[in-house]
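Trainee: Could you help me see how labels for charged side chains are earned?
Mentor: Gladly; let's look together and test each label against its cut-off.

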Amino acid sequence: MAEQRRDQRGGRDARESAGTAGETRRRSVLPEEAHAWGALVATARRTVSDGLVVGTSGNVSVRVGDTVLVTPSGVPYDRLAPADTVGVDLDGRQVLGTLLPTSELPMHLAVYRTTDAHAVVHTHAVHATAVSTLVPELPSVHYMSGALGGPVRVAPYATYGTEELAENMLHALTDRSACLLQNHGTIAYGTSLDQAFDRTAQLEWMCRLWLTASSVPGLSPTLLTGEQVAAAGERLRGYGQGERAAG
């Protein structure tokens, strides 16, 4: 797709533009930002190794104070180093680095401006993207929908990197921590990079589950009610070492 083609050539273009982009650099990387950048790069690499993106087609960001660290446009994640740190303020002005931020920056900033997110993961996961072309909402085939706030909506299609797409995404994210992007992919946020990634992975798994169940001839998957999903969501809020339930 166009976004992926742009990303494939973007690594070269971004580095060639370093002289221009460098003029926007305002300060040095703080220690906490350097630590967060390392975690961001590790998460971005995991989206590739876990099959959630191909090449540089997705993007990841993390908020440190009023600065948003974000993957650059078109640079393969296995090539990213500490010197490649890219950061913008909440208005999108670049304050760190010389590489160009991801083309999907409007979506990331929209999430940070309107939620308590500290990390955002955007992917082109295959099963989730397939579901986004079929239904306006992922059917509630599993109780993990509750962990994302309820049934996962599909944001109407808009050209990648546009404010229109960011606006469509925000509507789909109302009272949710993840949504599908029609004919595009997924976006999820959390209080940490680990949580944002885990929500992304859970969403892809649920989409694969629904597609698998729906493919059986003559049968339709049993779906959970809104009340059942809500009850699971309440229980999942306390899930972990302090509770033995769920699994």
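**Salt bridges and exposure**

Mentor: In this predicted model, Arg 27 and Glu 33 form a salt bridge, with their closest N and O atoms 2.7 Å apart.

Trainee: Why is the contact between Arg 27 and Glu 33 called a salt bridge?

Mentor: The closest N and O atoms of Arg 27 and Glu 33 are 2.7 Å apart, and the cut-off is within 4 Å, so the pair qualifies. In general, side chains of opposite charge can pair when their charged atoms come close.

Trainee: What makes Glu 33 buried or exposed?

Mentor: Its relative accessibility is 2%. Buried means under 20%, so Glu 33 counts as buried. Its partner Arg 27 has 29%, which lies between the 20% and 50% cut-offs, so Arg 27 is partly exposed.

Trainee: How do you know that Asp 50 and Arg 46 meet in a salt bridge?

Mentor: Their N to O distance is 3.5 Å, and that is within 4 Å, so the name fits. Asp 50 has 43% relative accessibility and Arg 46 has 37%. Both values fall between 20% and 50%, so each residue is partly exposed.

Trainee: And what is Asp 66 called, buried or exposed?

Mentor: Asp 66 has a relative accessible area of 53%. Exposed means over 50%, so Asp 66 is exposed. Asp 66 also forms a salt bridge with Arg 63, at 3.2 Å between the closest N and O atoms.

Trainee: How many salt bridges does the structure hold?

Mentor: Six. Asp 89, Asp 91 and Arg 93 are linked in a network of them.

Key. Residues are numbered from 1 along each chain as its sequence is written. This is a predicted model: local features need pLDDT of at least 70, side-chain atom pairs count only at pLDDT 80 or more; totals for chains, interfaces and linings use all residues. Side-chain values use heavy atoms; hydrogens and water are left out. A salt bridge is a side-chain nitrogen of Lys or Arg within 4 Å of a carboxyl oxygen of Asp or Glu. Buried means under 20% relative accessible area, exposed over 50%, partly exposed in between (1.4 Å probe, protein chains only).
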